[in-house]
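Colleague: I am new to this structure and would like a close look at a single part, with its surroundings described carefully. Could you walk me through it?

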Amino acid sequence: MSNQNTAAPEHEQTTKPKTVKFEVLRQDKSDSPSYWEKFEVPYRPNMNVISALMEIRRNPVNSDGKKSTPISWDMNCLEEVCGACSMVINGRPRQSCTALVDQFVQPIKLEPMKTFPVVRDLIVDREFMFDSLKKIKAWVPIDGTYDLGDGPRMPERKRQWAYELSKCMTCGVCLDACPNVNDKTNFIGPALLSQVRLFNTHPTGAMNKDERLDALMTDGGIAECGNSQNCVVACPKGIPLTTSIAAMNRATNIHMFKNFFGSDHMVD
Ligand code: SF4
Ligand code: FES
């Protein structure tokens, strides 16, 4: 009789496939109630939140073993450039495409951003931001019926400075982090204030400087900022939002005095 030990080696007994646990705040329609649902997906090294959501979509079975529906979320560039995949991960708004699961305490909680209306699950409607971009004329008007030629050259140092502000991807994270962007106010939010600074500094964009400052001095403009400074910490692009807001505070004050005392509003 053989006395050979037939039990599995210790490492086979204790090593279970590694998984990642998620809790997702779901909502079937824009007007239906939200509910939490738990999922567990097989771990892969370097997986991000989007690849985990794709795994759930392939096999939408929740942690109770019940068949569920695929989770809806938004994405586009997958390299933190478009801002579409923004959601709240473990309580903090950020992009899910650059959120590696190894960085988070589990269960990883996924919620839609609270500042915007929910379309479904993790998809929100950021139309408010795009409407605000129209309100502040966030563009340089160069369209014409004839060739306008090259635009004015900008000093390299200024161009590099402007490039930093132009990195804004309208992701909405700074609005979600701001306590003053809520359903009680029309505050357009920090990103939009910074965009006014960008376009007003552009040599051609400065032609519409006064209109943009006028827009900032209306309902929902700069007076709604409470200086909580959450925005500058939250921005994934490192945009100096509070510096921009301070600059726009100065610019609107000067603009107000010019309006009050009379000025020819020369573009400077
Ligand atoms: S300023 Fe930053 S956080 Fe705000 S919308 Fe732009 S990229 Fe997103
Ligand atoms: S998919 Fe574009 S920022 Fe994440």
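Modeller: Thr201 is found in helix H6, where helices are DSSP runs of H or I with at least four residues, numbered from the N terminus. This is a predicted model, in which local features need pLDDT of at least 70 and side-chain atom pairs count only at pLDDT 80 or more, while totals for chains, interfaces and linings use all residues. Residues are numbered from 1 along each chain as its sequence is written, and side-chain values use heavy atoms, with hydrogens and water left out.

Thr201 counts as partly exposed because its relative accessibility is 22%, given that buried means under 20% relative accessible area, exposed over 50%, and partly exposed in between, with a 1.4 Å probe and protein chains only. Leaving aside residues up to four places away in sequence, Thr201 touches Lys158 and Trp161, contact meaning heavy atoms within 4.5 Å. The C-alpha atom of Thr201 is separated by 39 Å from that of Ser72, a residue 129 residues apart from it along the chain.

As for the wider setting of the helix, the largest nonpolar core (a set of buried Ala, Val, Leu, Ile, Met, Phe, Trp, Tyr and Cys residues joined through side-chain atoms within 4.5 Å) has 40 residues, and Leu192 and Leu193 are among those that touch the most other members. Helix H6 (190-201) is one of the helices that each supply at least two residues of this core, and its six residues are the largest share. Leu192 touches Met129, Ser132, Leu133 and Ile136, again not counting residues up to four places away in sequence.

Terms used
Chains lettered and ligands numbered in written order.
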